[in-house]
Amino acid sequence: MKTSRLIAPLLVALATASTAVAQVEIRLSGAVAFRDTAYLAIRTLYGPNLASQNPADGPTAPAQLKVTWTGTIPSLFGNQTVTVRAFYNGAVAGLQDLTQNRNVNFLASANPGDTNTVNLPSDIAFSSVFQQSTEFLTPKLEDVRFGATPIVLLKSKTAPAGLTNITSHQLKTLAANGKLPAWFFTGNTNDTGDLVFINRDPTAGQRVALFKEALFTGSPISYYWDAAKTAYVNDPTGRNATQIRDHLNNFGPAISYLVTADAIGVNGGANVLRYNGALPFVGTFNNVSNDFTPLYNGQYSLWVYEHLLNRSTAAANIKTFREALVAGIGVALKSSAYSVPIDRLNVERTSDGAPVAPKE
């Protein structure tokens with residue numbers, strides 16, 4: 001009798017332990033820039049075995065930065081239930097998450113419409129900058145590069161038609177002053193109004209990369225349209241991608257910058273400026289397919305590598321998933337309208353903002 005009393009709870013415990021083992025959870029944070037290809041790659045890994053995802057339509061807008069999936073990925077984890085959580089909170093933020101073991105605010109479930117969140121540590125970080133470009137240097141993370149994404153300068157819909165190009169010199173002067181007369185950019189002295197600078201927030205890798213590219217080392221001054229919607233006021237923190245898009249579409253003359261996936265939302269992609277005389281694409285920028293030959297061949301230098309990073313101590317499941325994700329994103333990049341696979345580049349750089357040179 002005593003033996004049977006002991007065996008029953010033991011069997012329950014073993015069953016519970018078996019169920020716990022049959023779960024895999026992977027948590028991703030970091031760069032906003034290539035959430036579109038990451039989304040496609042993760043959906044492809046699940047395939048028909050995806051049981052549920054929240055939100056149901058994935059990250060279709062800059063403001064929609066959280067997704068949670070659940071189902072099985074037989075090619076990687078057999079019949080185990082796999083939950084993947086993603087929060088695209090910025091490249092610098094993703095690196096901070098990993099190096100400081102910081103909790104991230106993910107969606108709690110894969111049930112569409114569930115807005116509850118849960119704070120958990122991240123396992124893998126997307127980044128649009130090298131770790132050494134940030135202050136989060138230790139521990140050193142394992143880094144895989146798999147693609148490249150252009151950053152583009154943009155003007156607001158109210159900016160002068162003659163504003164078509166900005167040089168790195170003009171960009172440094174603009175960032176140092178926060179606003180400059182329009183004629184400084186157009187060469188037309190009849191353009192007398194000011195153009196203000198709208199900056200990204202410090203979590204964004206594109207902010208780090210832009211200033212390194214332009215060799216700007218000071219403290220940037222920038223502006224945003226105030227809550228009363230009456231005037232531009234000083235902005236000590238910077239704006240997220242959605243806010244910049246809305247500012248450029250709706251408010252007074254301004255210059256800012258975004259990655260191509262978000263730039264398409266500013267006047268349908270028609271307000272991209274040349275940088276040092278070049279565009280990253282040939283022809284008209286669109287949301288279907290773009291020819292990025294100027295980026296491939298080194299005529300356009302304002303771009304970043306796409307990185308996927310993890311701790312060297314990461315569990316085997318995390319590294320297995322990371323390798324499959326890198327391969328999947330590589331496939332998705334071949335048809336992306338906004339980013340390019342790394343094997344199409346004929347040039348390379350050793351760090352953010354470093355000179356672009358032919359591949360050796």
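Contact here means heavy atoms within 4.5 Å. By that yardstick, 67% of the contacts in the protein chain with a separation of 6 or more join residues 24 or more positions apart. The model is a predicted one, so local features need pLDDT of at least 70 and side-chain atom pairs count only at pLDDT 80 or more, while totals for chains, interfaces and linings use all residues. Residues are numbered from 1 along each chain as its sequence is written, and side-chain values use heavy atoms, with hydrogens and water left out.

As for the overall build, the protein chain has 11 helices and 19 strands (DSSP runs numbered from the N terminus, with helices being H or I of at least four residues and strands E of at least two). Along its principal axes, the C-alpha trace spans about 100 × 55 × 35 Å. Of the 360 residues, 53% count as buried, meaning under 20% relative accessible area with a 1.4 Å probe, protein chains only.

Then there is the second largest pocket (on a 1 Å grid over the protein atoms alone, a pocket is an open set of points where a 1.4 Å probe fits, with protein on both sides within 12 Å along at least five of seven lines; lining residues have an atom within 4 Å of a point). About 200 Å³ of space lies in this pocket, a volume being the space filled by probe spheres set on the points. It is lined by 21 residues, and the closest to its centre are Val32, Leu65, Tyr88, Arg200 and Asn240. Helix H7 (205–213) and helix H8 (241–250) each supply at least two residues of the lining.

Definitions and conventions
Buried means under 20% relative accessible area, exposed over 50%, partly exposed in between (1.4 Å probe, protein chains only).
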